[in-house]
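Me: I am new to this structure. Could you walk me through how to read it?

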Amino acid sequence: MAYIQDIDVNIVKGTTALAQQGFGLPLILSGSTETGLQGKCKYYANLSEVGVDYTDTDAEYNMAAAMFAQEPSPKMIMIYAKNTDASITEALNDALAQNSSFYAVFIPERTKEALHEAGNWATTNKKFFFGCTDDSTSLTDRKNEREAYLIHDKPSNYTVTTDGKVTTFYT
């Protein structure tokens, strides 16, 4: 099976200019059950720092690894660990209240419902959402201009984007 090596994404729709090259701070919404992390935004400048809280088998770690492996890579990423019973919308609202400077949301969940919830939230809050799934019906009736989906036969490879470049981290 052939893989697409490079995909350029040009974001042309928007009402405000970018404040800096590379957008800035991406947010990974974590489902971590680690009680010391739940309900908090935490900032990481490199993968070693992420490794203090997550192992290389955790989705959050692998998403962060893909982000930091890109060139150029973000100077910092934010991971918000949602409370166990919180919905995606509730968790993103809480993350936004703690720090509104992130430009895009990435979630490890790959179900259609989770992707749509995160996409709807991002559109409402003028953020971008990047999701990945192996279910092409996830795109049905999606017309939000702040959402981007990749359909991938291995959606847990944790696709990420910075500077308009899309990269897939292969596990």
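What follows is a short dialogue on the sheet, its helices, a salt bridge and one loop residue.

Me: What kind of model is this, and how are residues numbered?

Reply: This is a predicted model, where local features need pLDDT of at least 70 and side-chain atom pairs count only at pLDDT 80 or more, while totals for chains, interfaces and linings use all residues. Residues are numbered from 1 along each chain as its sequence is written, and side-chain values use heavy atoms, with hydrogens and water left out.

Me: How do I read the sheet, and what is its strand order?

Reply: Strands of a sheet pair through backbone hydrogen bonds, either parallel or antiparallel. Helices (H or I, at least four residues) and strands (E, at least two) are DSSP runs, numbered from the N terminus. Two strands pair if DSSP finds at least two bridges between them. Here, an open sheet of 6 strands runs β3-β4-β2-β5-β6-β7, with mixed pairing.

Me: Why do β3 and β7 each have one side without a neighbour in the sheet?

Reply: Both stand at the edges, and each has a single partner strand. For β3, take β4 (residues 77–81): the two pair in the antiparallel sense over 5 bridges. Tyr44 stands opposite Ile77 in β4.

Me: Which strands does helix α2 touch?

Reply: Contact means heavy atoms within 4.5 Å. Axes are lines fitted to C-alpha atoms, for helices over the stretch in contact, and angles run from 0 to 180 degrees between N-to-C directions. Helix α2 (residues 59–69) touches β2, β3, β4 and β5, and its direction makes about 165° with that of β2. Helix α4 (residues 112–124) lies across β5, β6 and β7, at about 165° to β6.

Me: How many salt bridges does a search of the whole structure find?

Reply: A salt bridge is a side-chain nitrogen of Lys or Arg within 4 Å of a carboxyl oxygen of Asp or Glu. The search finds 1. Lys42 pairs with Asp53, the closest N and O atoms being 2.7 Å apart. Lys42 lies in strand β3 and Asp53 in helix α1, 11 residues apart.

Me: Is Asn99 buried or exposed?

Reply: Buried means under 20% relative accessible area, exposed over 50%, partly exposed in between (1.4 Å probe, protein chains only). Asn99 has a relative accessible area of 16%, so this residue is buried. Asn99 is found in the loop between α3 and β5. Leaving aside neighbours within four places in sequence, Asn99 is in contact with Leu25, Tyr43 and Met78.
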